[in-house]
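Please work through the following exercises with the sequence and the structure at hand, taking each solution one step at a time.

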Amino acid sequence: MGRSTGKIYLSLAPSVAAIMILFCGPLLAIVAASFTRRAPNGGLDWSEFSVEGYVRLFAEPDLFGVLVPNYTFLSAFTRSLSLSLITTAICLLIAVPVAIYMSQSSHRIRNLLLLLITIPFWANLLARNYAWILILRSDGILDGIIRSVVPEAPQTGLLYTQYAVLIGLIYSFLPFMVLPIYASAERFDWRLADAALDLGASRRRVFVTVILPLLLPGIIAGSILVFIPSMGSYITPRLLGGGRDFLLGNLIAQQFGSARNWAFGASIAIALMASILLALALVNRLSQNKSEREVKVA
Amino acid sequence: MSVSTNKWRRITGAQWLTLVFFLFLYGPLIALIGLSFNENRSATIWTGFSFDWYGRLLANDDLLAAARNSLIVALSAASLATLISLLAAVVIARNRFPGRKAVDGLFSMPLLVPDIVFAIGALLFVLTIGLSPGLLALVMAHTAFCIPFANLPIRARLQGFDWALLDASADLYASRGRTMIRVLMPLMMPGILAGFLLAFIVSLDDFIVSFFVSGPGSITVPVYVFGLIRLGVTPEVNAIASAIVMISVVMTVLFFFVNSRSSRKGDPR
């Protein structure tokens, strides 16, 4: 040991430089691009500083150059936010009981279930969403199953609706919620719950005041891991959603594809990142308040 | 009465919910793989068993070229990401220095950025530095988002690492380099392997970043599959998607095996 701080920094330099270039470089490129203007041929006009992309988030000039409100971004943002919040909430409702159940199983079964969750977790996202096309499309697998019970049933017509997108998002990100909550539940000392019961608390009260608070780190981590990719999702709404149910990810991709307005696309990306950072700060604040309260109670 | 121990056992119905949860998780995958063996041209009506669609994949030159690109990118990106994480993780785990937390956080930062945001950033960055979309751009971008995944098992392996072993090696007159190669590396190997595998899987699976930074001759398998899906549901797509899922399953089981061995042998003595 006994290495000087300077030497430590020197040995970290290659890795830190690599991340700075490979990861922070692209992020800075977005910031830079968001302050440019759309070039006549569709690329970027780097020569001029402009906030045109940001203005376009809320308004755009009409034929006479007068700014009129533009709801493209706001409606995609609202849809993304509400779908992501619903996805996170449903994942949470499913994941908490499943994670608790897993953590209370025997060591062997626990490891097996863990492997079973990990497999779809790493299976290709595109293929997993494609599988839902097979299930949800008209005369697909779901319709087939329903008809085998009720022969005269009408088609469900779920594919290309918001419900299909919701199912797809839950399916895509559910493992992200279960794994961190399981990690918290596994460390949980169940004697605490028994102690609370013995002291006369009802089962519900034990769950709300003893178990849930101790699962909170896992719940927070899981919610972040579900919320962030949902907010930026592209594949699921692209494959399972109808043309009208555009989410932020699709809007960004469209600006870099057919719409060819990169400055606007970069501005949307910055707005998305800003809303995610805001959400993280909020969660951080809430969990800090919570632990402060707990200290006071103790 | 509330005297018996372990009374708060389960949430009512949790075992059924868990069962439904796993059916939900596996139903679509099983349906997809099942249908890929369907002899019929229609993609969702079962008529009989057949390997035909898989046979056709092997004769599909575009797919094979895409598979080659995917492998090149995944191998390079996973190696680079593992190397970058390893170099820093050892230093971070062993030393206390100002800014330690910030440097540590740098390695998980890519998890906080949605793929689509990083994807357009990578495209803009590649064009800004005068590179054109292609294999090199793919390797650079994939390395960046693979870093947190390579870092995870390596960091876990370093937790509770017995640094006295390195001091002992030095006391026995091994040079620094020799200590690294003969003592540190063998002990770190399971973590390195697990990190590499995880990064490899994540790179192979990526669609959105590859979609933006691959050039005409350098598309990867997911980008190729996406192009096919846009044209419609066909037995060929069923077969490719199933093959991809099955490869991920094998890789994940492999990772699980390596990782559980790595944690079981966590104590080097």
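**Exercise 1.** In this predicted model, determine how far apart the C-alpha centres of domain 1 of chain B and domain 2 of chain B lie, and describe the contact between these two domains.

*Solution.* Begin with the bounds: in chain B, domain 1 covers 10–50, while domain 2 covers 56–264. The C-alpha centres of these two domains of chain B are separated by 30 Å. Their contact draws on 8 residues of domain 1 of chain B and on 11 residues of domain 2 of chain B.

Next, take the area: about 770 Å² is buried between domain 1 and domain 2 of chain B, and carbon and sulfur atoms account for 69% of it. On the side of domain 1 of chain B that touches domain 2 of chain B, the residues comprise 5 nonpolar, 2 polar and 1 charged.

Finally, count the pairs: the interface of domain 1 and domain 2 of chain B has 0 salt bridges, whereas 2 residue pairs are in polar contact across it, both at pLDDT 80 or more.

**Exercise 2.** Describe the interface between chain B and chain A by its residues, its buried area and its polar pairs.

*Solution.* First, list the participants: 89 residues of chain B and 90 residues of chain A take part in the contact. Then consider the area, which amounts to about 8,000 Å² buried between chain B and chain A, with 78% of it coming from carbon and sulfur atoms.

As a last step, count the pairs between chain B and chain A: there are 0 salt bridges, but 6 residue pairs are in polar contact, both residues being at pLDDT 80 or more.

**Exercise 3.** How many disulfides does a search of the whole structure find over all chains, and why does Cys24(A) form no such bond with Cys146(B)?

*Solution.* Recall that a disulfide joins the sulfur atoms of two cysteines covalently. The search over all chains gives 0 disulfides. For Cys24(A), the closest cysteine sulfur belongs to Cys146(B) and lies 16 Å away, which is too far for a bond, given that the two sulfur atoms would have to be within 2.5 Å.

To complete the picture, look at the surroundings of each cysteine: Cys24(A) is buried at 14% relative accessibility, and Cys146(B) is also buried, with a relative accessible area of 0%.

Notes
Residues are numbered from 1 along each chain as its sequence is written. Chains are lettered from A and ligands numbered from 1 in the order in which they are written. This is a predicted model: local features need pLDDT of at least 70, side-chain atom pairs count only at pLDDT 80 or more; totals for chains, interfaces and linings use all residues. Side-chain values use heavy atoms; hydrogens and water are left out. Domain bounds come from an automatic or database domain assignment. Contact means heavy atoms within 4.5 Å. Buried area is the accessible area (1.4 Å probe) that two parts lose on being put together, summed over both. A salt bridge is a side-chain nitrogen of Lys or Arg within 4 Å of a carboxyl oxygen of Asp or Glu. A polar contact is a pair of N or O atoms within 3.5 Å; within protein, one must be able to donate a hydrogen and the other to accept it, and residues adjacent in sequence count only if both atoms are side-chain atoms. Ala, Val, Leu, Ile, Met, Phe, Trp, Tyr, Cys and Pro count as nonpolar, Asp, Glu, Lys and Arg as charged, and the others, Gly among them, as polar. Buried means under 20% relative accessible area, exposed over 50%, partly exposed in between (1.4 Å probe, protein chains only).
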